[in-house]
Amino acid sequence: MPFQRKKTGAGKPIDPKTAQDRMERFCAFRERSPKEVRQKIAELGLKGEEADTLFDYLQEERFFN
């Protein structure tokens, strides 16, 4: 049986604090573009105002350019 990754419940929204922690690590790993950051936030299941707030926070704290 080949190795299979365990599904993490894609599309299931997570709480904003967990999303912030994940996005900080995502951005700190290497330089990211705003497009990559927006895409990853969407993959985490955040939408609307929560997504915009997180994006603005990451930009203000210079996690990406």
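At what angle do helix α2 and helix α3 pack, and how far apart are their axes? Let's start there and work outward, keeping in mind that this is a predicted model. Helix α2 covers residues 34–43 and helix α3 covers residues 48–60. The two pack at an angle of about 140 degrees, and their axes are 10 Å apart. Angles over 145 degrees would count as roughly antiparallel, so α2 and α3 end up being called oblique to each other. As for handedness, α2 passes α3 in a right-handed crossing.

Who does the touching here? On the α2 side, the contact is made by Pro-34, Val-37, Arg-38 and Ile-41. On the α3 side, the partners are Ala-51, Asp-52, Leu-54, Phe-55 and Leu-58. Sort these residues by class and you get seven nonpolar, no polar and two charged.

Now zoom out for a moment. The protein chain has three helices and zero strands, so if you read from the N terminus on, the elements simply run α-α-α. There are 65 residues in the chain, and buried ones make up 25% of them. Another way to look at the fold is through its contacts: take those between residues at least 6 apart in sequence, and 50% of them join residues at least 24 apart.

That leaves helix α1, residues 16–29, to fit into the picture. Start with how α1 sits against α3. These two pack at an angle of about 40 degrees, with axes 11 Å apart. To count as roughly parallel, the angle would have to be under 35 degrees, so α1 and α3 are oblique to each other too. Their crossing is right-handed. In α1, the residues that take part are Pro-16, Ala-19, Gln-20, Met-23, Glu-24 and Cys-27. They meet Glu-50, Leu-54, Tyr-57 and Leu-58 in α3. By class, this contact has seven nonpolar residues, one polar and two charged.

The remaining pairing is α1 with α2. Here the axes come within 11 Å and cross at roughly 150 degrees. Once again the crossing is right-handed, with α1 passing α2. Met-23, Phe-26 and Cys-27 do the job for α1, while Glu-36, Val-37, Lys-40 and Ile-41 do it for α2. That contact is made up of five nonpolar, no polar and two charged residues. If you compare the lists, a few names come back: Met-23 and Cys-27 of α1 appear in the contact with α2 and also in the one with α3. Likewise, Val-37 and Ile-41 of α2 take part in the contact with α1 and in the one with α3.

Next, have a look at the rings. How many aromatic pairs does the structure hold? There are two. In one of them, the rings of Phe-55 and Phe-64 have centres 5.0 Å apart and planes at 45 degrees, so the pair is tilted. Are these two residues buried or exposed? Phe-55 has a relative accessible area of 7%, so it is buried. Phe-64 comes out at 4% relative accessibility and therefore counts as buried as well. Recall that Phe-55 also belongs to the contact between α2 and α3.

The other pair is Tyr-57 with Phe-63, also tilted, at 6.4 Å centre to centre and 40 degrees between the planes. Buried means under 20% relative accessible area, so Tyr-57, at 26%, counts as partly exposed. Phe-63 is at 24%, and that makes it partly exposed too.

Tyr-57 deserves a second look. It lies in helix α3, and, leaving aside residues up to four places away in sequence, it touches Gln-20, Glu-24 and Phe-63. Gln-20 and Glu-24 are already familiar from the α1 side of the contact with α3. Along the chain, Tyr-57 and Gln-20 are 37 residues apart, yet their C-alpha atoms are separated by 8.9 Å.

One last stop: Arg-62, in the segment after α3. What stands out about its backbone is a positive phi of about 60 degrees, although Arg-62 is not a glycine. Arg-62 has a relative accessible area of 73%, so it is exposed.

Conventions: Residues are numbered from 1 along each chain as its sequence is written. This is a predicted model: local features need pLDDT of at least 70, side-chain atom pairs count only at pLDDT 80 or more; totals for chains, interfaces and linings use all residues. Side-chain values use heavy atoms; hydrogens and water are left out. Axes are lines fitted to C-alpha atoms, for helices over the stretch in contact, and angles run from 0 to 180 degrees between N-to-C directions. Helices (H or I, at least four residues) and strands (E, at least two) are DSSP runs, numbered from the N terminus. Angles under 35 degrees count as roughly parallel, over 145 as roughly antiparallel, 65 to 115 as roughly perpendicular and the rest as oblique. A crossing is left-handed if the near helix is turned anticlockwise from the far one by less than a right angle, and right-handed if clockwise. Contact means heavy atoms within 4.5 Å. Ala, Val, Leu, Ile, Met, Phe, Trp, Tyr, Cys and Pro count as nonpolar, Asp, Glu, Lys and Arg as charged, and the others, Gly among them, as polar. Rings of Phe, Tyr and Trp (its six-membered ring) pair if their centres lie within 6.5 Å; planes under 30 degrees apart count as stacked, over 60 as edge-to-face and the rest as tilted. Buried means under 20% relative accessible area, exposed over 50%, partly exposed in between (1.4 Å probe, protein chains only).
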